[in-house]
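Me: I've got a model open and I'd like to learn how to read it feature by feature. Can you walk me through it?

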Amino acid sequence: MVFSRDGPKKWFGASVNPCASRYHGAMTKKVNLIDTSLRDGHQSLLATRMSTEQVLRVLPMLCDAGYSILELWGGATLDSALRFTGDDPFERLVKMRDVCDQSESKTGQHIQVRSLCRGQNLFGYNPYPDNVVCEFMKEACRTGNDRVRIFDALNDHRNLITAIMATKTFNGHAEAAMSYTTSPVHDNAHFVNFARRCLDAGADSLAIKDMAGLLHPADAWTLIDALREAFPDVELTLHSHDTNGLAVASYVVGMMAGVDHLDTGYGPMAGSTAQPPAELIRFFADALGMELNVDLSNAPQIDAELRQIRKELHDVDKNPDHTGGPWPDEPTDEMRRHIDEAIALLQKRDRESCGKACDVIEEKIMAPLGYPEVDKTQLESQIPGGMLSNLYNQLKEQDKLELMPAVQEEIPKVRKAAGYLPLVTPTSQIVGTQATFNVMQGKPYAFVSEPFRDVMMGKYGKLPGPADPEVLKLVSRGQAPQTGRPADFIDDVDLQKVYEENKEIIRSQRDLLLLLLFPMPAKQFFTKRQEAVTA
């Protein structure tokens, strides 16, 4: 369900109290929660290791709660399904769509399955030719992915155009997401300009994608105000991670400033490097006199199942002793006082007051519920939740965990050298890998990865700011960076040829597309599947 905005100027303006609270009577407004537990939640906290079986244990309960949009697919889930859980990503999508459709047959409410798409990089890590993007989006939308969040790691709108067009062509909803970050070149004008270009390209809605939890609530006020002023009738979603203890406060600002949707998770699959907990956002919504689209009465059952799944995935859990919750059905009197205190501080809008509100939420509400203490060093390294989870596991597997602090210190230096790249897949992995090489080699850029060289040379898109000239000289091999749209330099793939070369192990168009995006893991998955059939 999309809530309409009657008379936006009456309640988006800074001079008018935009919310209704127990103490500030005003018109009741609505905000739509979107659950991310079964996609971003386990990607951020459990290295994307939830299996299809585990997902399907929780999904019916989410459907019963009344969600109109669920984020269930995309991001790293396709690759991880092939590599680690032994699941076919498209079969997972089919099964999830079936559960949602069964719910619709009972309630009459259609549930949109949302995925996260990396623009021209699709669900993989490199720019793909236009024909592959079109074919993949066609198959995804036909299989049941009817809402697609499309972003680009560099905020180069040219990398979203084909995915937006393909999604809309096959009757999907195309949501353009700006990769939020902070740097000398990322201001509100940057994000508004990016949003305008995406809407001109046909995007249906917008999202603020704060993948590293950097959006300070004081900045949330000004950014949302700027987007609302520029695009008053465009649906807007706020997505953040609680990595740095800012996200819950920014979500409360989002409700007051007029966003339509908030991405949340449940208890054990929320907080820390994942999204804010739905249970706490409900308490804030109640205090603000705002209506939610969902009934959280079955939250304890969802919490219990997710808690069990975290136990099952203990080996990849960075914080197994800090799973958060379970939340009470209603806030305690003490919690209510802290909620009201935080709201009053946030309504002042200045940076100092908003910062105090963050401390109140994290120290007096989240921490007592078992969520881990916030590591403010992430504000400097800007590492997203999924990247942090995977970096930890990769160094752990190599018995190199002692390098984690040095790598985190090196990451912002590499990011600056590459024109202040936002750190989100695939640039987060590219920058993180290069930072790791710099630390291991003992000398910056003694070894340069090919993906990092490609980023510096414009093969992923236009850098947000100027590259460090000395680093560029080291990696360029005397060549000039390219300036055109990356996909224009990539030849279309001969799909029939790829099929003929691999027809012994692939069964369908879906298999073919997975093979194109993830050559080695897909081939291993299909070969193992074939061997199981012939055994």
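Me: Let's begin with R39 and E71: are they buried or exposed?

Reply: Buried means under 20% relative accessible area, exposed over 50%, and partly exposed in between (1.4 Å probe, protein chains only). Here R39 is buried, and E71 is too. One caution up front: this is a predicted model, where local features need pLDDT of at least 70 and side-chain atom pairs count only at pLDDT 80 or more, while totals for chains, interfaces and linings use all residues. Residues are numbered from 1 along each chain as its sequence is written, and side-chain values use heavy atoms, with hydrogens and water left out.

Me: What links R39 to E71?

Reply: A salt bridge is a side-chain nitrogen of Lys or Arg within 4 Å of a carboxyl oxygen of Asp or Glu. R39 and E71 form one, with their closest N and O atoms 2.9 Å apart. R39 sits in helix α2 and E71 in strand β2, so the pair ties together parts that are 32 residues apart in sequence. Helices (H or I, at least four residues) and strands (E, at least two) are DSSP runs, numbered from the N terminus.

Me: Which residues share a salt-bridge network with R39?

Reply: The network links R39 with D40, E71, R114, R147, R149, E175, E235 and D263. Searching the whole structure turns up 36 salt bridges.

Me: Where do D79 and R83 lie?

Reply: Both are in helix α4 (residues 77–85), 4 residues apart, about one turn of the helix. Their side chains meet in a salt bridge at 2.6 Å, N to O. D79 is buried, at 6% relative accessible area, whereas R83 is partly exposed at 47%. For another pair, try D317 and R310: their salt bridge has its closest N and O atoms 2.7 Å apart, and both residues are buried.

Me: D263 was in that network. Which residues of its strand, β8, lie on each side?

Reply: In β8 (residues 261–264), H261 and D263 are on one side and L262 and T264 on the other; all are buried, so both faces are covered.

Me: Which strands pair with β8?

Reply: Two strands pair if DSSP finds at least two bridges between them. Strand β1 (residues 30–35) pairs with β8 in the parallel sense over 4 bridges, and L33 has L262 as its bridge partner. Strand β7 (residues 236–240) also runs parallel to β8, joined by 2 bridges; there T237 is partnered with H261.

Me: What unit do β7, α10 and β8 make?

Reply: A crossover is right-handed if, with the strands pointing away from the viewer, the path from the first strand over the helix to the second runs clockwise. With helix α10 (residues 247–257) in between, β7 and β8 make a right-handed β-α-β unit.

Me: Where is the kink in helix α3?

Reply: The bend at a residue is the angle between axes fitted to the seven residues ending there and the seven starting there. In α3 a kink of about 30 degrees lies at V58, shortly before the proline P60. V58 is among the buried residues of α3, which also include L59 and L62. After α3 comes G66, with a positive phi near 100 degrees.

Me: And V493, which residues is it in contact with?

Reply: Contact means heavy atoms within 4.5 Å. Leaving aside neighbours within four places in sequence, V493 touches P129, N131, V132, V498 and L516. V493 lies in the loop between α20 (469–475) and α21 (495–502), and is partly exposed at 25% relative accessible area.
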